[in-house]
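Hi,

Here is the structure I promised to pass on. Have a look at it first, and then read on for what turned up in the side chains.

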Amino acid sequence: MGSLPGFLLWRLATALSKTRAPAPGEKPVDADGSSGVRHSHRDRFLVGEPLWSLLPAADQDLLRSRFGFEALRWGRVTAATLFVVGAANALASAAAFAAGLGGVVDGLWLAAGLALCGEQVFRWGENRLERPRGSALGWIVRPLARPLLSPRPN
């Protein structure tokens with residue numbers, strides 16, 4: 001249901017803007033007149049921006065130089081979010097054990113939640129020292145970032 005109103009608002013905004021929207025099948029054009037890969041990479045970067053802080057620091061530096069990635073800001077946001085998720089899992093598992101209902105799966109979730117919380121405390125500390133720090137979960141987002149990290153075409 002949200003697609004139709006979103007599409008209509010997008011069409012209205014492009015009709016009112018000074019730039020022309022690309023026709024179907026036409027490559028989008030950037031403000032500098034170039035077309036192609038750069039525009040699609042910029043879109044990919046913006047859509048996944050919060051996730052890029054999970055990548056190793058070297059990859060975050062590359063994204064900073066290419067796209068202006070704010071590694072420290074997004075590192076803090078993702079560390080806080082993942083800490084809350086890990087703590088919620090750990091608390092739920094601990095509650096199951098306290099009620100006598102805990103099993104092997106609850107033990108795994110408890111361990112995973114505590115490990116996730118510990119990693120986020122470490123990441124938060126590194127960010128406070130003005131150093132971006134990736135996460136053990138970076139391997140999940142790495143395939144999404146691969147086009148952004150590859151050498152630029154000429």
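The count of aromatic pairs comes to 2 in this predicted model. One of them is formed by Phe45 and Phe67, whose rings are stacked, with 4.9 Å from centre to centre and 10° between the planes. Phe45 belongs to helix 2 (residues 37–48) and Phe67 to helix 3 (residues 57–67), so this pair ties together parts that are 22 residues apart in sequence. Phe45 and Phe67 are both buried.

Phe45 also pairs with Phe69: their ring centres are 6.1 Å apart and the planes stand at 90°, so this pair is edge-to-face. Phe69 sits in the loop between helix 3 and helix 4 (71–98), while Phe45 is in helix 2, so the parts tied together here are 24 residues apart in sequence. Both partners, Phe45 and Phe69, are buried. Taken together, Phe45, Phe67 and Phe69 make up one aromatic cluster.

Another ring to look at is that of Trp74: the charged end of Arg73 sits over it, 4.4 Å from the ring centre.

Now to the charged pairs. The structure holds 5 salt bridges, and here are some of them.

- Asp59 and Arg142: their side chains meet at 2.2 Å, N to O. This bridge links distant parts of the chain, with Asp59 in helix 3 and Arg142 in helix 6 (residues 138–149), 83 residues apart. Is each partner buried or exposed? Asp59 has a relative accessible area of 13%, so it counts as buried, whereas Arg142, at 32%, is partly exposed.
- Arg64 and Asp61: the closest N and O atoms of this salt bridge are 4.0 Å apart. Both residues lie in helix 3, 3 residues apart, which is about one turn of the helix. Arg64 is partly exposed, with a relative accessible area of 46%, and Asp61 is partly exposed too, at 34%.
- Glu130 and Arg76: these side chains form a salt bridge at 3.8 Å, N to O. Here again distant parts of the chain are linked, since Glu130 is in the loop between helix 5 (104–128) and helix 6, and Arg76 is in helix 4, 54 residues away. Glu130 has a relative accessible area of 52%; exposed means over 50%, so Glu130 counts as exposed. Arg76 is partly exposed, at 28%.

Last, the nonpolar side. The largest nonpolar core has 15 residues, and those with the most contacts inside it are Phe45, Trp52, Leu55, Leu63, Phe69 and Leu148. Helix 3, helix 4 and helix 6 are the elements that give two or more residues to this core. Which element gives the most to it? That is helix 6, with 4 residues.

If you want one residue to start from, try Leu148, which is among those with the most contacts inside the core. Leaving aside neighbours within four places in sequence, Leu148 is in contact with His41, Arg44, Phe45, Trp52, Leu63, Arg66 and Phe67. Two residues of the aromatic cluster, Phe45 and Phe67, are thus found in that list.

Happy to talk it through whenever it suits you.

Best wishes

Technical notes. Residues are numbered from 1 along each chain as its sequence is written. This is a predicted model: local features need pLDDT of at least 70, side-chain atom pairs count only at pLDDT 80 or more; totals for chains, interfaces and linings use all residues. Side-chain values use heavy atoms; hydrogens and water are left out. Rings of Phe, Tyr and Trp (its six-membered ring) pair if their centres lie within 6.5 Å; planes under 30 degrees apart count as stacked, over 60 as edge-to-face and the rest as tilted. Buried means under 20% relative accessible area, exposed over 50%, partly exposed in between (1.4 Å probe, protein chains only). A charge sits over a ring if NZ of Lys or CZ of Arg is within 6 Å of the ring centre and within 35 degrees of the ring normal. A nonpolar core is a set of buried Ala, Val, Leu, Ile, Met, Phe, Trp, Tyr and Cys residues joined through side-chain atoms within 4.5 Å. Contact means heavy atoms within 4.5 Å.
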